[in-house]
Amino acid sequence: TVTAESLDGTGFEQFGGLDNMADNSPNAGDTGGQVLVVTSAIKSATLSKLCQSVDLGGTNLKIEAGNGKDKVQATDLTTDSTEMSGNAEFRDIEIGNDASTLTKAGVKGPIGVFSQQANHVYIANLRQTNYATTAGVFKLPGLKMSFSSSGC
């Protein structure tokens with residue numbers, strides 16, 4: 001689970017995809033380790049009050065950052081999510097592109113897959129359930145990592 005008070009980003013892309021878990025993963029369930037995801041890519045993002053928690057079965061690994069004056073900064077940020085919520089605003093949005101033709105964040109999706117892209121995205125009260133996150137640079141000011149009985 002990832003939450004943030006706000007995400008402010010430039011160069012936004014989003015499309016559907018398939019995430020594959022490692023062979024023989026204990027979390028594979030009855031899907032053979034495949035999960036439908038929404039891939040979101042942002043060229044440059046600023047996040048305030050970031051919280052990430054990973055349920056370890058009875059306890060959570062909890063990571064917090066960006067709670068002070070310095071915010072979390074990320075470049076080439078990509079997430080694979082099964083759920084996403086918040087209050088979103090897009091500027092100069094294009095909806096219904098083929099994912100293989102995206103140009104705003106430098107990520108290409110699969111040919112023939114529905115997508116959208118925008119020059120700017122702002123999301124207040126962001127909440128995501130993520131299977132994967134990658135970034136070119138991820139700056140976490142005020143980083144705090146701990147184990148907790150509760151997640152984000």
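Start with the aromatic rings: this predicted model holds one aromatic pair. Select Phe12 and Phe90 to see the two partners, whose ring centres sit 5.4 Å apart. Their planes meet at 40 degrees, so the pair counts as tilted; the tilted class covers whatever is neither under 30 degrees nor over 60.

Now colour the strands. Phe12 belongs to strand S1 (residues 2–20) and Phe90 to strand S5, so this pair ties together parts that lie 78 residues apart in sequence.

Switch on the surface and look at each partner in turn. Is Phe12 buried or exposed? Phe12 has 3% relative accessibility, so it counts as buried. Phe90, on the other hand, is partly exposed, with a relative accessible area of 31%.

Keep Phe90 selected and add Ile93, Ile95 and Phe114. Together these four make a nonpolar patch on the surface, with about 380 Å² of accessible area between them. Zoom in on Ile93: you'll find it in the loop between strand S5 (72–91) and strand S6 (94–98). Ile93 is partly exposed too, at 34% relative accessible area.

Next, go back along strand S5 and click on Asp80, which lies in that strand. Here's something to puzzle over: Asp80 is buried, yet it has no salt bridge. How far away is the nearest side chain of opposite charge? That side chain is Lys43, and it is 16 Å away; a salt bridge needs the charged atoms within 4 Å.

So what does Asp80 touch? Leaving out residues up to four places away in sequence, show Asp19, Val37, Val38, Thr39, Thr129, Asn130, Tyr131 and Ala132 to see its contacts.

Terms used. Residues numbered from 1 in each chain as written. Predicted model: local features only at pLDDT ≥ 70, side-chain atom pairs only at ≥ 80, totals over all residues. Heavy atoms only, no water. Patch = residues over 30% accessible without salt bridge, like charges linked within 9 Å, V, L, I, M, F, W, Y side chains within 5 Å. Areas by Shrake-Rupley, 256 points an atom, 1.4 Å probe, with all protein chains shown as cover. Helix = DSSP H or I, 4+ residues; strand = E, 2+ residues; numbered from the N terminus. Buried < 20%, exposed > 50% of the residue type's maximum accessible area, 1.4 Å probe, protein only. Lys, Arg positive; Asp, Glu negative; His and termini not counted. Contact = heavy atoms within 4.5 Å. Phe/Tyr/Trp six-rings, centres within 6.5 Å; stacked < 30°, edge-to-face > 60°.
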